[in-house]
Amino acid sequence: MSTSNGSNPGAPPETATVSLPHDRDRIDALQSALMFAVERAGYAKPSRFAIKLAFEEAIMNAFHHGHKGLDENLEIRVEYAVAPGEVLIVVEDQGPGFDPDSIPDPTLDENLALPSGRGIMLMRAYMTEVAHNASGNRVELRYVRPQD
Amino acid sequence: MAADSRLRVQSIEGITQVEFIDRNILDEANIQAIGDEISELIDRADVPNLLLSFSNVDHLSSAALGALITINNKVKDKGGSLRLANIDPQIYEVFMITRLNKLFDIHETTDDALKAFA
């Protein structure tokens, strides 16, 4: 894991680039590092809630859907950059990718009782921008700090 | 209940009250353990009346919502009822975004939820 620290407003973003195994302790450690950076950059509680939720959903999607049926030991690549004005998180898996628009709308009455399919919609609801690459194995989450 | 239970459980007058101990209900192992424990409670009851309190919970993921839906389906299959209470406003927003506030019977406090069982 490589990191750079920018704890004052004029400093460059606080960044990390990590190859992450499907190991909860490692995921939690990275999540803690990200959330400390977000807190240091002065984001308020609702922003921190949004970023933590979207990070979790992106990581879980990569392992559970991106790597479904593949070697359990495959790692994903995670990058983040935390600046006072915005947070960027990139998650890339080694799977064949998928079409994010192929997931049925979980908010339709007929789908409400289905236990899955809400990760992407939550990312879209809480992030300013959610962009997948063409093959669908890489997602970029961008969160722009709300105006006070 | 197992020694490493993630739940605080008490049964009063036919209603099983469950309080989550964890602040974060995010990861799959944690969610699986919680789902298994609550499933056992449902299996043990003839007609399960279950009240879940979220007073300690700060974060939950879509996987946790999925587990709650599975619990709801199991309770309904046995003719019982499930109620949720003490949900933090930020988490309630997750229920609204996903429209799961329409699926679940959500109350502001455990007292309100208990009255609704009557």
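How many salt bridges are there over all chains? I began my notebook with that count, and it comes to 14 salt bridges over all chains. A reminder to myself: this is a predicted model, and every number below is computed from it.

**Entry 1: a pair within chain A**

I looked up R40(A) and found that R40(A) forms a salt bridge with E14(A), with 2.4 Å between the closest N and O atoms. The two partners sit in distant parts of the chain, 26 residues apart: R40(A) belongs to helix 1 (residues 24-40) and E14(A) to strand 2 (residues 14-20) of chain A. Next I checked how open each one is. R40(A) is partly exposed at 41% relative accessibility, while E14(A) is buried at 8%.

**Entry 2: a pair between two strands**

My next pair was R138(A) and E92(A), whose side chains meet in a salt bridge at 3.4 Å, N to O. R138(A) is in strand 6 and E92(A) in strand 4 of chain A, so this pair ties together parts that lie 46 residues apart in sequence. Are these two buried or exposed? I noted 23% relative accessibility for R138(A), which counts as partly exposed. E92(A) has a relative accessible area of 26% and is partly exposed.

**Entry 3: across the chains**

Then I looked for a link from chain A to chain B. The side chains of D109(A) and R99(B) meet in a salt bridge, 3.0 Å from N to O. This pair crosses between chains: D109(A) is in the loop between strand 4 and helix 3 of chain A, and R99(B) is in the loop between helix 3 (89-97) and helix 4 (100-103) of chain B. D109(A) is exposed, with a relative accessible area of 56%, whereas R99(B) is partly exposed at 29%. I also wrote down a network in which salt bridges with shared partners join R24(A), D28(A) and E56(A).

**Entry 4: an aspartate without a salt bridge**

Which side chain of opposite charge is nearest to D93(A)? I found R138(A), 10 Å away; D93(A) is buried and has no salt bridge. A salt bridge needs the nitrogen and the carboxyl oxygen within 4 Å, so I was not surprised to leave this pair off my list.

D93(A) lies in the loop between strand 4 (86-92) and helix 3 (119-126) of chain A. I did find a polar partner on the backbone: the nitrogen of G95(A) is 2.8 Å from a polar atom of the D93(A) side chain. Setting aside neighbours within four places in sequence, I listed the contacts of D93(A) as A62(A), G66(A), H67(A), I76(A) and N137(A).

**Entry 5: the spaces inside**

I turned to cavities and counted 2 of 30 Å³ or more. The largest cavity has a volume of about 110 Å³. Its lining has 14 residues, and D93(A) is back again: N61(A), A62(A), D93(A), F98(A) and V139(A) lie nearest the centre. Helix 2 and strand 6 (138-144) of chain A are the elements that each give two or more residues to this lining. Helix 2 of chain A has the largest share, with 5 residues.

What is the volume of the largest pocket? I read about 520 Å³ for the space in the largest pocket. There are 24 residues in the lining of this pocket, with N61(A), H65(A), S116(A), G117(A) and S62(B) nearest the centre. Two or more residues each come from helix 2 (45-66) and helix 3 of chain A and from helix 2 (62-77) of chain B. Helix 2 of chain A gives the most to the pocket lining, with 7 residues.

**Entry 6: two loop residues**

In chain B I looked up D22(B), found in the loop between strand 2 (15-20) and strand 3 (24-25). D22(B) is buried, at 18% relative accessible area. The D22(B) side chain makes a polar contact with the side chain of R6(B) at 3.3 Å. Beyond four places in sequence, D22(B) touches R6(B), N30(B), I34(B), N56(B) and V57(B).

Last came T128(A), in the loop between helix 3 and strand 5 (129-132) of chain A. T128(A) is partly exposed, with a relative accessible area of 46%. Its C-alpha atom is separated by 5.7 Å from that of R142(A), 14 residues apart along the chain. The side chain of T128(A) also reaches the backbone nitrogen of V144(A) at 2.8 Å.

Methods:
Residues are numbered from 1 along each chain as its sequence is written. Chains are lettered from A and ligands numbered from 1 in the order in which they are written. This is a predicted model: local features need pLDDT of at least 70, side-chain atom pairs count only at pLDDT 80 or more; totals for chains, interfaces and linings use all residues. Side-chain values use heavy atoms; hydrogens and water are left out. Helices (H or I, at least four residues) and strands (E, at least two) are DSSP runs, numbered from the N terminus. Buried means under 20% relative accessible area, exposed over 50%, partly exposed in between (1.4 Å probe, protein chains only). Lys and Arg count as positive and Asp and Glu as negative; His and the chain ends are not counted. A polar contact is a pair of N or O atoms within 3.5 Å; within protein, one must be able to donate a hydrogen and the other to accept it, and residues adjacent in sequence count only if both atoms are side-chain atoms. Contact means heavy atoms within 4.5 Å. On a 1 Å grid over the protein atoms alone, a cavity is a set of points where a 1.4 Å probe fits but cannot get out, and a pocket is an open set with protein on both sides within 12 Å along at least five of seven lines; lining residues have an atom within 4 Å of a point. Grid points are joined across faces, edges and corners, and a volume is the space filled by probe spheres set on the points.
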